[in-house]
Amino acid sequence: MAELLEPKLPQAGLAGCYIDGKWHWPADGRKLTVENPSRRTPICEVGRGAKAEIDLAVAAARAALPAWRALAASERGKRLAELGRRLEESAEEVARVLAAESGNAIKTQSRGEAMGAAGVLKYYGGVAVEQKGETLPLGPGLFSYSTREPHGVVGSIIPWNSPLQLGAVKISMALATGNCLVLKPAEDAPLAILKLAELADGLFPPGVFNVVTGLGEEAGAALAAHPGVDKISFTGSSEVGRLIGRATADRIAKLTLELGGKSPTIVFPDAIENGRLDATAQQVANAMRFARQGQSCTAGSRLFVHKDIWDVLMPKVAEKAAALKVGDALDPDVDMGAVINAERYDEIRNFVAEAEAEGADFLIGETPAENPAGFLPGPTIITGVDNSWRIVREEVFGPVMVAIPFETEAEAIAMANDTHYGLAAFIFTHDISRITRLTRAIDAGWIQVNQGGGQIPGMSYGGTKQSGTGSEYSIEGALEAYTYRKCVTINVEQAG
């Protein structure tokens with residue numbers, strides 16, 4: 001094994017709360033222990049913020065709001081772009097922290113996430129000036145126009161699977177559009193966000209950007225229910241999303257939800273023609289997010305393969321997945337790291353064990369062992385199932401793909417849509433007519449064709465059905481979700 005790349009932890013950020021431009025320990029002195037899931041050892045402790053810290057952060061954000069929203073959009077964008085530049089310069093340092101806390105391998109995931117987060121900040125820094133309205137031709141003597149106005153104070157809650165990237169998205173969308181922000185990172189992986197807060201220290205006026213670490217049922221619940229928060233943006237599980245939806249509904253707060261997925265990957269015979277077999281198999285494995293331990297809401301975890309190419313494609317997909325080296329996320333030679341904690345590991349284990357007991361076949365992989373030294377399940381591809389099995393219908397959120405053959409296009413569409421999720425889909429075919437038909441017919445907010453890649457700034461990203469409401473990653477999504485339209489009409493002839 002190569003020498004491990006140990007992280008340099010946040011310094012001031014170990015307080016866990018960054019409020020009104022200062023580092024702050026929770027008033028009650030309680031702490032959270034952050035662990036390394038690859039080794040099951042503690043990394044450090046951070047403050048366990050709760051309602052008192054949320055109250056302070058929201059008050060600071062409300063106080064900072066008038067001046068921040070009045071600042072020229074170009075100036076807000078300039079500061080976001082500068083934060084992106086600072087993150088880019090510190091990318092390796094931040095990536096090591098991210099790998100240690102999240103379990104995402106530094107080689108394949110954490111370095112890319114650090115640079116991707118910097119790219120998000122710089123993207124929104126550049127497009128902040130696009131916060132434009134319209135003029136309306138109502139007739140002589142009337143000047144009517146609309147503007148885009150920030151909602152006010154935004155509360156954002158992010159998960160542990162891609163904390164830095166999602167944190168950058170939430171920060172960028174809120175601040176670029178003139179809102180102030182209170183960000184609650186996941187209790188399992190707050191350290192990369194604290195590194196980002198260190199980089200941002202002094203860049204934004206006090207109160208514009210605040211971070212409160214803590215438990216979801218304490219700090220997260222207090223943020224979602226806070227009467228001083230005008231909008232909540234949440235990325236996480238559908239179960240928690242429903243709770244947040246109820247909390248915001250009571251005060252009619254604005255809400256963006258990016259929830260779970262059970263995304264279909266559909267492969268037609270022409271996808272492997274003309275020497276494309278190897279590339280298609282690799283993209284199918286990429287779509288499953290094996291290198292992220294399957295911990296992605298966009299993971300193409302339901303693979304539908306045309307029966308005519310099943311015997312050719314499936315061994316090649318298995319070969320690609322099996323080639324991934326599993327191990328410590330800070331090992332520079334490792335491709336696939338650890339799932340986040342014991343709860344998630346046990347849930348993955350239970351899903352696979354249940355399918356094995358019911359007679360599923362394993363193309364690769366096995367039921368994960370109990371009580372491992374690190375939460376390191378290997379890539380698993382299960383066959384011999386149909387669309388009615390629990391492992392096919394529910395989000396495993398682990399490196400587990402189920403594969404099912406199909407015969408007709410209509411059958412593939414029906415199986416793809418037979419789910420309460422509607423986040424992502426991956427289609428592999430070079431028939432333009434079929435691409436048009438399938439992208440129209442499949443219930444998903446984000447579809448990739450002939451590639452298994454991830455989100456790129458500028459894409460509109462969001463789901464339908466129970467996968468959420470609203471979209472992110474684009475300036476259009478930011479304007480739709482983080483601003484409201486204000487219409488002003490002036491009788492010019494009477495104005496004097």
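The largest pocket in this predicted model holds about 1100 Å³ of space. Its lining runs to 42 residues, and the ones closest to the centre are Trp-160, Phe-234, Gly-236, Ser-237 and Val-240.

As for where that lining comes from, four elements each chip in at least two residues: helix H7 (216-225), strand S10 (231-235), helix H8 (238-249) and helix H11 (342-357). H8 takes the largest share, with seven residues. Sorted by class, the lining of the largest pocket splits into 19 nonpolar, 12 charged and 11 polar residues.

Next up is the second largest pocket, with about 640 Å³ of space. Here 32 residues make up the lining, and those nearest the centre are Gln-109, Arg-289, Arg-292, Gly-454 and Gln-455. At least two lining residues apiece come from helix H4 (106-127), helix H5 (163-176), helix H9 (277-287) and helix H10 (310-322). H4 gives the most to this lining, namely five residues.

The class make-up of the second largest pocket reads as 18 polar, nine nonpolar and five charged residues. Put side by side, the lining of the largest pocket counts 19 nonpolar and 12 charged residues, while that of the second largest pocket counts nine nonpolar and five charged ones. For polar residues, the counts are 11 in the lining of the largest pocket and 18 in that of the second largest.

How values were computed: Residues numbered from 1 in each chain as written. Predicted model: local features only at pLDDT ≥ 70, side-chain atom pairs only at ≥ 80, totals over all residues. Heavy atoms only, no water. 1 Å grid on protein atoms, 1.4 Å probe; cavity = no way out; pocket = protein on both sides within 12 Å on 5 of 7 lines; lining within 4 Å. Points joined across faces, edges and corners; volume = space filled by probe spheres on them. Nonpolar A, V, L, I, M, F, W, Y, C, P; charged D, E, K, R; others polar.
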